[in-house]
Amino acid sequence: MSLWADIISVFLPPRCIKCGTILSQDDGLCPDCFNEINFISAPYCQKCGQPFEAAPSSSKMLCVSCLQKVKTPFRLSRSAVHYDDSSKPLLLSFKFHDRTDNAKTLAKWLNLAGQDIWKEGVDLIVPIPLHYTRLMKRRYNQSGLLAAELGKMTGLPVDYTAVARHKKTRPQVEFSGHERIKNVKGVFSVKHPEKIKGKRIVLIDDVMTTGSTLKECALAMLSAGAKSVDALTVARVCK
Ligand SMILES: [Zn+2]
Ligand SMILES: [Zn+2]
């Protein structure tokens, strides 16, 4: 640690990003809060990352829809934690209440959850873009912050401008199921196809609920010539 970092840690010691307890090391969460988080661990579907309650009988380790080859724009999809009462406060404060300091810890989780994706090979990290009016209001894109931290950890380039969200939509939480697909239909456009053409892209977001937003963005990039798209999110609503 540099002298400057030593000085900062004396006056601003690292705190648990959930409960605020002072930590001896900058681990993000205190042991109690860490133990409450439900990390997604094996066994899970090797393609879509959906966790299994018990290991499947098939040695392929695929869920029913992946075995049936249900169409998906993602090569692989992974998430670090279950979206539940223990992870929700962390993600909501990160998204809406300026807790941008959470980005580093959450990106560490993304990096770990992305192991299979890194093994397959990735050329570019792309965060899900916000519509500019929402960006002005919130002042930061939570997915962009995660992508920036992940870029530093993996050494992979991050692109913030190739894809844009050109239509303002109602928040997805107001809809369910099929309405969510309709709500985000055609909202993304690729502004700079030359930046993604032939590239293996990993798309970053904070939470995957039904996956409609991520899928729509992936489809836009695939039609613009991306070689493959993976989805990597901090949390996921698991069935
Ligand atoms: Zn804590
Ligand atoms: Zn699957």
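**Zinc and salt bridges: a quick tour**

Visitor: How far apart are K152 and E149 in helix α8, in helical turns?
Guide: In this predicted model, K152 and E149 both sit in helix α8 (residues 142-154). They are three residues apart there, so the separation comes to about one helical turn.

Visitor: And how far apart are the closest N and O atoms of K152 and E149?
Guide: K152 is exposed at 64% relative accessibility, while E149 is buried at 16%. The two still form a salt bridge, with the closest N and O atoms at 3.3 Å.

Visitor: What geometry do the four donor atoms give the zinc ion (ligand 2)?
Guide: The protein donors are the SG atoms of C45, C48, C63 and C66, lying 2.3 Å from the zinc ion. Along the sequence they follow the spacing C-x2-C-x14-C-x2-C. Their angles at the zinc ion run from 105 to 117°, and because four donors pass when all angles lie between 85 and 135 degrees, the arrangement is tetrahedral.

Visitor: How many residues apart in sequence are the parts tied together by R75 and D230?
Guide: R75 and D230 form a salt bridge, their closest N and O atoms being 2.7 Å apart. R75 is in the loop between α3 and β1 (77-82) and D230 is in strand β6 (residues 228-236), so the parts they tie together are separated in sequence by 155 residues.

Visitor: Is D230 buried or exposed?
Guide: The cut-off for buried is under 20% relative accessible area. D230 comes in at 0% relative accessibility, so D230 counts as buried.

Notes. Residues numbered from 1 in each chain as written. Chains lettered and ligands numbered in written order. Predicted model: local features only at pLDDT ≥ 70, side-chain atom pairs only at ≥ 80, totals over all residues. Heavy atoms only, no water. Donors = N, O, S within 2.8 Å, 3.2 Å for Na, K, Ca; no water. Tetrahedral: all angles 85-135°; square planar, octahedral: opposite > 155°, others 65-115°. Salt bridge = Lys/Arg side-chain N within 4 Å of Asp/Glu carboxyl O. Helix = DSSP H or I, 4+ residues; strand = E, 2+ residues; numbered from the N terminus. Buried < 20%, exposed > 50% of the residue type's maximum accessible area, 1.4 Å probe, protein only.
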